[in-house]
Amino acid sequence: MALPTLSDTTTTISLTFVLVDIFFGVTGLILILIFHGSGLNHMAMRFERLTKANLDRNQYDWIFFHFYVAFIIIALIHICEIFIWAAILFWLNLIPNGVNAILFAGSCYTTVGFISDILPYGWKTMAFFIAFSGLFSIAWTTSTMIGMTGLYRQAWNLKYLGRQK
């Protein structure tokens with residue numbers, strides 16, 4: 001794929017180059033949010049269906065088990081999203097080393113910023129799109145986890161306190 005490249009000494013960036021950068025950034029953002037929403041919603045609906053059935057049967061330990069499995073699945077969804085971004089960076093040949101692409105994508109996605117900006121000049125906004133997808137995904141995950149905690153707490157109260165919330 002022949003993508004535009006700029007040297008570090010270039011002083012102007014063409015509109016075409018900016019649009020290519022934005023196109024790939026927005027496309028990656030949309031891809032990640034669709035992947036995240038699909039995975040997270042599937043996991044949340046499965047959790048709710050299984051735990052409500054377990055609650056009706058007074059199987060509280062299964063509710064605790066499903067709760068922790070859901071958290072593992074959530075973590076794996078986020079890790080997959082970092083790998084998707086790394087694959088995009090690698091595929092576009094913006095970061096030619098796979099490990100560096102994973103580290104950079106993870107650094108941006110979590111907004112921790114532990115890796116310096118290694119993107120080529122003219123592609124620096126990709127870091128923004130990766131961070132934006134991470135912020136949205138983590139916020140979405142947090143709201144889902146808060147909703148799941150209600151069923152977990154209800155099971156805990158019934159098992160250990162013998163009362164309904």
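## A helix you can check with a ruler

The expected span of a helix is 1.5 Å times one less than its number of residues. Let's try that on helix α2 in this predicted model. Helix α2 covers residues 60-91, which makes 32 residues, so its expected span is 46 Å. The C-alpha atoms at its two ends are 46 Å apart, in agreement with that value.

Just past this helix, have a look at N93: this residue follows α2 and has a positive phi, near 60°.

## Two nonpolar cores

Now turn to the inside of the model. The largest nonpolar core holds 23 residues, and W85, L89, F104, L119, W123 and M126 are the ones with the most contacts inside it. Which elements give two or more residues to this core? They are α1 (15-56), α2, α3 (98-109) and α4 (125-161).

M126 is a good residue to click on. Setting aside neighbours within four places in sequence, M126 touches D21, F24, G25, W85, I88, L89, L92, L94 and L119. There is also a second, separate core, made of 16 residues, including L55, I63, L151 and Y152.

## Cysteines without a bridge

How many disulfides does the model have? The count is zero. A disulfide needs two cysteine sulfur atoms within 2.5 Å. For C108, the closest cysteine sulfur is that of C80, 18 Å away, so the two are too far apart for a bond.

Is each of these cysteines buried, partly exposed or exposed? C108 is buried, because its relative accessible area is 11%, under the 20% limit. C80 has 36% relative accessibility, so it counts as partly exposed.

Technical notes:
Residues numbered from 1 in each chain as written. Predicted model: local features only at pLDDT ≥ 70, side-chain atom pairs only at ≥ 80, totals over all residues. Heavy atoms only, no water. Helix = DSSP H or I, 4+ residues; strand = E, 2+ residues; numbered from the N terminus. Core = buried A, V, L, I, M, F, W, Y, C linked by side-chain atoms within 4.5 Å. Buried < 20%, exposed > 50% of the residue type's maximum accessible area, 1.4 Å probe, protein only. Contact = heavy atoms within 4.5 Å.
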